[in-house]
Structures are given as structure tokens and as C-alpha cells.
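This briefing looks at two topics, salt bridges between side chains and enclosed space inside the protein. Please read it alongside the sequence and the model shown below.

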Amino acid sequence: MEPGSMENLSIVYRSRDFLVVNKHWDVRIDSKTWRETVTLQKQLRHRFPELADPGTYYGFRFCHQLDFSTSGALCVALSKAAAGSAYRCFKERRVTKAYLALVRGHVQESRMTISYAIGRSSTEGRAHTMCIEGTPGMAGCENPKPSYTELVVLELGLYAGDPVSKVLLQPLTGRTHQLRVHCSARGHPVVGDLTYGRGGGQEERPFRMMLHALYLRVPTDAERVEACTPDPFVPALDACWSPHTLVHPLNQLIQALRAAPDPAAGSPQPCSPAVPHPVTPETEAQRASCLQWLLEWTLEPDS
């Protein structure tokens, strides 16, 4: 697959207030270092110079995050008001997201809900990583929070000769690295995940981490932002991936995602178990967090 460049930015949704881009797997969203020759914000400035907001440092307001190695749907707000409306959808858990992944091994259960609490690792040498509460060998797992992910097996096959499953993942909560941590905790780490995957340098064969944001729906009051990106995990794009058993057809699951009603504020996602998500009044700290989020793209660069 060709590397990310200034010219190959893919747009899957566009309106007056929002863009949804199909982020390339090796492109950072933004960066303040000169070494990053291609970033998503630079691609956007190159493609849409007229849409850049001169009152912000980066020019564009990203409504959520994707890891550097994760590809797929990423929503961009084109005004401060649009960013605020998207923020409320994320805060109230009214956003629907679904990801594709290739994971190690053949997952035996065709459907499951993964429900390990996730916290931040305080183990020496594991800075900026997350952990599962009670993980053996971990010196500490700070502030673990309930976390829920739905997994549906799509196909079984081989990747470079090793058994691999293609799965659809729906995060019902939004913890850092949640999908990667949950898959690893179940014994099926994402192929190419150097942080939570197999040790001993065994993740050198894949050219990328096999995690892709497939589907996104943000039901703001003014419009329903909805986008579905192409499936990158097909043999035509990666000859190392050789599926041999179909478990659940992806097209049917996408149709179900599109047909599902928007989640009510604070409720579980459609087709998910009755996971309790109590709705509590917004605190001063949360309001301050929202304000910081909205202002985040106007901050001066680090000195």
C-alpha cells in the first residue's frame, strides 16, 4: 500500500460544518515537530486552504483522536460551534463507532462482549500505556474504569502463514487504547501492534497495525454526520492476508449499523448488552474540560 502523502487524502463525508476523512495508517493527526513532513492537518491545509480557520493554530478542529498507526474515519469540525455540537455527542455517548481488525489466532466465539476494566500502567518502562485491572506482573494499574467492547468475528484465515481472525469491534466506552488492550487481554492481540502484541520482535512482518476505523456516526442537533470507509483488509490490498472461512458477512453488519437508531444520551450502543451508563449532571471540572477541548487548537506552539 502506498505511503501517506500530501496528495492522497480521502474524504468520505463533507457538509458545511463537517468533514470525515479516511486517515492513512502512517499519518499523525497533527504535530509540532519539523520531522513530521506529512500530517493530517497539513493534508487538509493543502487540499482545503479556504476551509482552514486562521484563528486556530492547526487550522482544523479534530472531533476525536485516532492513533498514528490506526487508519479510518476521523471527523473534522469546520467551526467552533460545530466542534461544540460534536463534543456533546461524544460526551453523552451518542456516537456510534465500529472498527475492523485482524487479530492473532482464531477467535472461537463468533460474538462476545469484552468487559475488562482499563487503567493507566504505572509499571516502569510502560509509560503512556494502558493495562487491565489485576493483570499479573503489573506493578500497578492506576484508576481502572469499566470498559466494554463488542466483538463479532467476520472471517478466519492466515496472515503470512499464521492463524488470524478478522473482527468487527464496537467500543461501548472510550478508554485510551481500549480496543487494542481488550483484544490483547483476550489472547488475540491486533496484528502489528508493537505495544500490546506479541513480544520478541515477532510483529516485524506486517507493514502496519491492522486496526481501521470503519464506520462513524455523530448525530448532532443540526445534522447526522455518517460515514463508512472502505475495508482495507482484503487480499487484493495485502497478499499476506488469506481468509478461508466466512463467519459473518461484513455487508450485513454495516447495514445493521446504518439502520440502528441513534443511541439516547448515556445509553449503551444498539445491539449491546444492558451495560449501565448512568447520566450525571455536568460538573465544573467537566465544563472546564469541554472549554479546554474547544480551545485546544488555538494554543500557541510549544516553545
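Asp67 and Arg180 join their side chains in a salt bridge, with an N to O distance of 2.8 Å. This contact ties together distant parts of the chain, since Asp67 sits in the loop between β3 (61-62) and β4 (71-77) while Arg180 belongs to helix α3 (residues 178-185), 113 residues apart. The model is a predicted one, and the values that follow are computed from it.

**Salt bridges: burial of the Asp67 and Arg180 pair**

- Asp67 has a relative accessibility of 27% and is therefore classed as partly exposed, because that class lies between the 20% and 50% limits.
- Arg180, by contrast, is buried, its relative accessible area being 8%, and a residue is called buried when this value is under 20%.

**Salt bridges: other pairs and the network**

- In total, the count comes to 13 salt bridges.
- Glu92 and Arg94 also meet through their side chains in a salt bridge, again described by an N to O distance, here 2.8 Å.
- Within this pair, Glu92 is partly exposed at a relative accessible area of 28%, whereas Arg94, with 14% relative accessibility, counts as buried.
- A further salt bridge is formed by the side chains of Lys166 and Glu155, for which the N to O distance is 3.7 Å.
- The Lys166 and Glu155 pair links distant parts of the chain, with Lys166 in strand β11 (residues 162-171) and Glu155 in strand β10 (residues 149-159), 11 residues apart.
- Both partners fall in the buried class: Lys166 has a relative accessibility of 4%, and Glu155 has one of 19%, which is buried because the limit is set at under 20%.
- Beyond these pairs, a network of salt bridges links Arg217, Arg224, Glu226, Arg258 and Asp262.

**Enclosed space**

- Empty space left between atoms can be found by rolling a probe the size of a water molecule over them.
- The count comes to 1 cavity of 30 Å³ or more, and the volume of the largest cavity is about 50 Å³.
- The lining of the largest cavity consists of 11 residues, among which Phe207, Met210, Pro232, Phe233 and Asp238 lie nearest its centre.
- By residue class, the lining of the largest cavity divides into 9 nonpolar and 2 charged residues, with no polar ones.

Definitions and conventions: Residues are numbered from 1 along each chain as its sequence is written. This is a predicted model: local features need pLDDT of at least 70, side-chain atom pairs count only at pLDDT 80 or more; totals for chains, interfaces and linings use all residues. Side-chain values use heavy atoms; hydrogens and water are left out. On a 1 Å grid over the protein atoms alone, a cavity is a set of points where a 1.4 Å probe fits but cannot get out, and a pocket is an open set with protein on both sides within 12 Å along at least five of seven lines; lining residues have an atom within 4 Å of a point. Grid points are joined across faces, edges and corners, and a volume is the space filled by probe spheres set on the points. Ala, Val, Leu, Ile, Met, Phe, Trp, Tyr, Cys and Pro count as nonpolar, Asp, Glu, Lys and Arg as charged, and the others, Gly among them, as polar. A salt bridge is a side-chain nitrogen of Lys or Arg within 4 Å of a carboxyl oxygen of Asp or Glu. Helices (H or I, at least four residues) and strands (E, at least two) are DSSP runs, numbered from the N terminus. Buried means under 20% relative accessible area, exposed over 50%, partly exposed in between (1.4 Å probe, protein chains only).
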